[in-house]
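Q: Could you take a close look at the sheet in this protein and walk me through how its strands are arranged? I'd also like to know how far I can trust the picture.

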Amino acid sequence: MLASIRRASSGLAAASQRRWVTPLVLLLNFSGQSEEALTHYRDLFGTQFVGPIVRFEDVTMPGAPAISPDDARKIMHMEVEIAAGHILMATDALESMGHHVRVGNNTTIMVECDDTAEVDRLYAGLAAGVEGW
């Protein structure tokens, strides 16, 4: 019995020492609340924003339709670290550009890969047997 407990605890110790090579990033889509939401997460986790806050007015998009001053102030991209290097990203989906936030398109999970071989391996594994999901 004691040997079983030792083996189990050594397995847990080894598992706790594993480092996931592939960080996960969550991208959240909002209808104008990105800055408020990520400010809340920043304060909650006691972290900082990662990189600049990019608003639609900060980016020139040749050929894109004009947007209202209200939409121009919305968030195109911002990031905050939450814990253990994990990142939350956010964007405001603009209804004026045909984007409508709803359950099913409001969250995206992104896996950062080191190379295309890792992308190919993960894609094949995720695509295998997904019929009916």
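A: Let's start with trust: helix H1 (residues 2-17) has the lowest mean pLDDT among the chain's elements, 42, while strand E2 (residues 54-55) has the highest, 97. Here pLDDT is the predictor's confidence in each residue, from 0 to 100, and helices (H or I, at least four residues) and strands (E, at least two) are DSSP runs, numbered from the N terminus. Over residues 1-20 the pLDDT is below 50, and this stretch has zero contacts beyond near neighbours in sequence (contact means heavy atoms within 4.5 Å). This is a predicted model, where local features need pLDDT of at least 70, side-chain atom pairs count only at pLDDT 80 or more, and totals for chains, interfaces and linings use all residues. Residues are numbered from 1 along each chain as its sequence is written, and side-chain values use heavy atoms, leaving out hydrogens and water.

Now the sheet. It's open, with five strands in the order E2-E3-E4-E1-E5 and mixed pairing. E2 and E5 stand at the edges with a single partner strand each, so one side of each has no neighbour in the sheet. Two strands pair if DSSP finds at least two bridges between them. Take E3 (residues 75-83) and E4 (residues 86-92): they pair in the antiparallel sense over five bridges. Within that pairing, Ala83 stands opposite His86 in E4.

Over on strand E1 you'll find Leu24. Leu24 is partly exposed, with a relative accessible area of 39% (partly exposed lies between buried, under 20%, and exposed, over 50%, using a 1.4 Å probe and protein chains only).
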